[in-house]
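I opened this notebook page to follow up on a pocket and on the cysteines. The entries below keep to what I looked up.

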Amino acid sequence: MSERLKITCIGAGYVGGPTMAMIAHRCPSIDVTVVDMNEERIAAWNDADLQNLPVYEPGLDAIVGEARGRNLFFSTDVASALKSADIIFISVNTPTKTYGEGAGEAADLRWIEKCARQIAETIDGPAIIVEKSTVPIRTAAMIKTVLEANGRGDDVDVLSNPEFLAEGTAMADLADPDRVLIGGENPQAIEKLVSVYEHWVPRDRILTTNLWSSELSKLTANAFLAQRVSSINSISALCEETGADVGEVARAIGSDSRIGPKFLQASVGFGGSCFQKDILNLSYLCDYFGLPEVADYWRSVVKMNNWQKHRFAQRIIKNLFNTVADKRIAILGFAFKKDTNDTREAAAIYVCRDLLIEKAHLAIYDPKVSLEQLITDLEYAGITDARERAERGEIVMTSDAYEATEQAHAVALLTEWDEFKDLDYQRVYETMPKPAHFFDGRRLLDLGHLRKIGFTAYSIGSGIQ
Ligand code: UDX
Ligand code: ADP
C-alpha cells in the first residue's frame, strides 16, 4: 500500500484554514494538518461547536465538520507536523511593516523568514515548500537561501501558489476557482502540487509559470481589482456634483464587454487584508527597482480610497450641521464586507475614527464583530482612549440594528450585510430625533423609499447632495 500524501500548512488564519479545509474535503486520500503557534486559534478550530470556528465563512463549518479528525487536523505541534510533511504550505501573516526601512509600505516578512528557519531546522527529508501567503516578488529566493545556508537546499523545492479567494465567498471560490496559479522551477515539484488540485480543478484552469511571474501576478491582480473600485469611487464623487448616478454609470460602462460588470460597485471604500497592503507593497518594489512613476501610479489608488472614506465621514458631519459632538450615530456594519467577521482595514474603522475625533457617540451593530475587536481596531487607528470611551458608554456595540438606531441622529450603513436590506426602516425612523439622517455607504437601499419615510437620505454617488 502506498503512503498517504501529507500536507502541513503553517498558519490557521483566513487563508490557511479555509484552503486546507477544502483540500481535505476534496482529497480524502491526503492527510492535511494545519498548525499555528496561536493556541487559542487552534483550540477554536478544534471546538466541538462549529459555530465557534475562528473564521466565519459561509459553508466552512460544514466542510470542517465533515473532514476534521478524518484527514484534517489542527495542531500547535509545528515541529512534528513539519517533520512528516511532503508538502508544506506557508500561510502566515505578511502585514505592512510598521517600523524601520519601508515602514507603511513594505511587507513585514519576519513571519515568513521564521517559517523558513523552522522548516530548515526540522525537516530531514525531501519536501516541497509552497508560498501561499501574498509575498513580495523574490521572497522564494529568501526562503531558498535560508534553507541552503542550513544545508537543506538540494531536495527541497520552493513553489509559489498564491491564493485568490475572496473572503465571504471563500468556499465557493476554492471549490470552483477561475484559475489556480503555480510558479516554480522544478517541473516535478510543480506536477506534484498540480496533482493535488487536479482532484477537483480541471487541468486547463491550473496555470503554471516561473516563480517570479506567479508572485508578481498576485500583487498585480489585487492592484487591478482595487484600481477598479477606486476608479468607480472617484466617479461617485463627480456624480454627486453633477446629478449623474454612479449606479447607472457603472451599468452603462460595465455592459461594454471590454470593461465588464464586476468590481464597479461604488462604496465607502475598499478594505480587507489584501488590497491596500499589496498595492503599497507593489509601490515599494517599484521604487526599489528605480521606477518611481510606476510606484506613484499605483499609490494613487490607495490615496483615492483614503479620500473616499474621509469624504464619507465629512459628508455625515456636514449634513449634521457641522457638529456631531455628543450626538449618537448608529453604525450598521463594521466588517470590511458582508459574510465575514474580518475587520482588517475595514472602511468602517476610519469613518468611525473621523467621527470619534469630532466627539460623536457611536452605537455599532455588526452581526459578526465583537466589541473587543472593535476597540482593538479603533486603538490601532489612533483612538487611543477607545476603551475608556466604551466604558463611559460613548462607544457601544448593540445586539441588533434597532437597538443601535434608537435615538440616533444619523444612521451610517457601512457593510452590505443582507439583513440590512430587510429592516423595518419606518420603525427605525420613528425612534430617531428629527431630522433623521441616513448615509448609505454601500448603495444597498432604495434612496427613494428612505426619503419617502422622511429620512434626509444620502447614498454614495447618487445625484446632487
Ligand atoms: C481580495 C481579492 O478579491 C482576492 O482575490 C484576494 O485573494 C484577496 O483580496 P477580499 O479582500 O477578501 O479579496 O475581498 P473583495 O471581494 O475583493 O473586496 C475587497 C474590498 O473591496 C471590500 O471592502 C469590498 O467591499 C470592496 N469592493 C469590492 C467595493 O467597494 N466595490 C466592488 O465593486 C468590489
Ligand atoms: P491570513 O489572512 O493571511 O490567513 P491571518 O493573520 O489570519 O492571515 O493568519 C496567519 C496565522 O499565521 C496566524 O494565526 C498566526 O498565528 C500564524 N503564524 C504566523 N507565524 C507563524 C509561525 N512561525 N508558526 C506558526 N504559526 C504562525
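**Pocket lining and cysteines**

I began with the second largest pocket of this predicted model, and found that the largest share of its lining, four residues, comes from helix 11. I then noted the volume of the second largest pocket, which is about 290 Å³, and looked up which elements give two or more residues to its lining: these are helix 6, covering 139–149, and helix 11, covering 275–288.

Going through the lining itself, I found 14 residues around the second largest pocket, and I wrote down Leu109, Pro136, Ile137, Tyr284 and Leu285 as those that lie nearest its centre. Sorted by class, the lining of this pocket has ten nonpolar residues, together with two polar and two charged ones.

I next turned to the cysteines, asking how many disulfides the structure holds. The structure holds zero disulfides, and I checked two cysteines individually to see how their sulfurs are placed.

For Cys115, I found that the nearest cysteine sulfur belongs to Cys9 and is 9.3 Å away, and that Cys115 is in no disulfide. I also recorded that Cys115 is buried, with a relative accessible area of 3%.

Why does the sulfur of Cys286 make no bond to that of Cys274? The closest cysteine sulfur to that of Cys286 is the one in Cys274, and Cys286 forms no bond with it because the two sulfurs are 18 Å apart, which is too far. As for exposure, I noted Cys286 as buried, since its relative accessible area is 9% and the cut-off for buried is under 20%.

Conventions
Residues numbered from 1 in each chain as written. Chains lettered and ligands numbered in written order. Predicted model: local features only at pLDDT ≥ 70, side-chain atom pairs only at ≥ 80, totals over all residues. Heavy atoms only, no water. 1 Å grid on protein atoms, 1.4 Å probe; cavity = no way out; pocket = protein on both sides within 12 Å on 5 of 7 lines; lining within 4 Å. Points joined across faces, edges and corners; volume = space filled by probe spheres on them. Nonpolar A, V, L, I, M, F, W, Y, C, P; charged D, E, K, R; others polar. Disulfide = S-S within 2.5 Å. Buried < 20%, exposed > 50% of the residue type's maximum accessible area, 1.4 Å probe, protein only.
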